Amino acid sequence: MIHTNKSMQFDQVTFANCSGFFLQSYPDAESAIASSFVVMKGVSFDNIGEHGINIQMFDGVDVTQPRSSTQVLLTDCDVIASTSLSIVADVVSISSCVFERLDTLSNPKPTVQIIAISHVTIVDTIFNHNSAGASRGNIYIETRHGYYDAPTIVVQNCSVASCIAKQMGTLTVFSNSSIYARVNVTISDSTFYNNSAQVGGGLKIYSE
């Protein structure tokens, strides 16, 4: 487990054959201009066990209070034959990554879960042969924004193939919005094929 209030960068690192990966990076809450980021480039996660991969940049609860800015950026990363990936941050960007053979059927949760405040961008990324037993679906993206935020969710040039979701959708996008906020969701140039969702359909987008 890594716990820090500093930014961190990982380049060309492999994490393999362990029960879980935990990274918590909370910036200094007393500083109005503080920020924290986690950058992973060319990082591989292989055979991460029951606890999965967890990157948490804040507690994800009170989003209406002034806080520091947090970002998680994954580029050219592979998550293979593991349980799940979970990210909580203000801004999440995933680019040119591969998520393959993730399985949470025995430990119900999404194989990929992203909870963000302002922006989520997933581009040029492959999701292949992943199986989820969670009620939130296989790939789950949620925005928990404040009253006047205008978050965006972009999924572009991605492939989701041979993925199974016991409930909800293969891809579920959820906006926990206020009456003042507007959420922009864009899914473009992406392919979804040979997927199965028992409840909720293959693609589910909703807000409350």
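Two strands are said to pair if DSSP finds at least two bridges between them. In the predicted model described here, strand 16 (residues 164-165) and strand 20 meet this condition, since two bridges join them in the parallel sense. One of the residue pairs involved is Ala165 with its bridge partner Ala197 in strand 20. Strands of a sheet pair through backbone hydrogen bonds, in either a parallel or an antiparallel manner.

The pairing of strands 16 and 20 belongs to an open sheet of three strands, whose order is 12-16-20 and whose pairing is parallel. Strand 12 (131-132) and strand 20 (196-197) occupy the edges; each has a single partner strand, and therefore one side of each is left without a neighbour in the sheet.

For the protein chain as a whole, the secondary structure consists of 21 strands and zero helices. The chain has 208 residues, of which 46% count as buried. About 9700 Å² of the protein chain is exposed, and 48% of this area is supplied by carbon and sulfur atoms. When contacts between residues at least 6 apart in sequence are considered, 75% of them join residues at least 24 apart.

Parallel pairing also appears around strand 6 (residues 69-75). Seven bridges connect this strand to strand 4 (residues 35-41) in the parallel sense, and Ser36 has Thr70 of strand 6 as its bridge partner. Strand 6 is further joined by five bridges to strand 8 (residues 85-95), and these two strands run parallel. Within this second pairing, Val72 stands opposite Val92 of strand 8. The two faces of strand 6 can be told apart by their cover: Thr70, Val72 and Leu74 make up the covered face, whereas Ser69, Gln71, Leu73 and Thr75 make up the uncovered one.

Individual residues illustrate how parts of the chain that are separated in sequence come together. Gln113 is located in strand 10 (residues 112-123). With a relative accessibility of 15%, Gln113 counts as buried, because the limit for that class is under 20%. The C-alpha atoms of Gln113 and Ser86 are 4.7 Å apart in space, although the two residues are separated by 27 residues in sequence. Apart from neighbours within four places in sequence, the contacts of Gln113 are Leu85, Ser86, Ile87, Arg136 and Tyr140.

Thr125 lies in the loop between strand 10 and strand 11 (126-128). This residue is buried, its relative accessible area being 1%. Two polar contacts of its side chain can be described. A polar side-chain atom of Thr125 is 2.8 Å from the backbone oxygen of Val123, and the side chain of Thr125 also reaches the backbone nitrogen of Ser96 at 3.5 Å. Beyond neighbours within four places in sequence, Thr125 is in contact with Ile94, Ser95, Ser96, Cys97, Phe99, Asn157, Cys158 and Ser159.

The surface provides a contrasting case. Phe192 is placed in strand 19 (residues 191-193) and, at 34% relative accessibility, counts as partly exposed. Together with Val185, Leu203 and Ile205, Phe192 forms a nonpolar patch on the surface, and the four residues have about 320 Å² of accessible area together.

Methods: Residues numbered from 1 in each chain as written. Predicted model: local features only at pLDDT ≥ 70, side-chain atom pairs only at ≥ 80, totals over all residues. Heavy atoms only, no water. Patch = residues over 30% accessible without salt bridge, like charges linked within 9 Å, V, L, I, M, F, W, Y side chains within 5 Å. Areas by Shrake-Rupley, 256 points an atom, 1.4 Å probe, with all protein chains shown as cover. Salt bridge = Lys/Arg side-chain N within 4 Å of Asp/Glu carboxyl O. Helix = DSSP H or I, 4+ residues; strand = E, 2+ residues; numbered from the N terminus. Buried < 20%, exposed > 50% of the residue type's maximum accessible area, 1.4 Å probe, protein only. Contact = heavy atoms within 4.5 Å. Polar contact = N/O pair within 3.5 Å; in protein donor to acceptor, adjacent residues only side chain to side chain.
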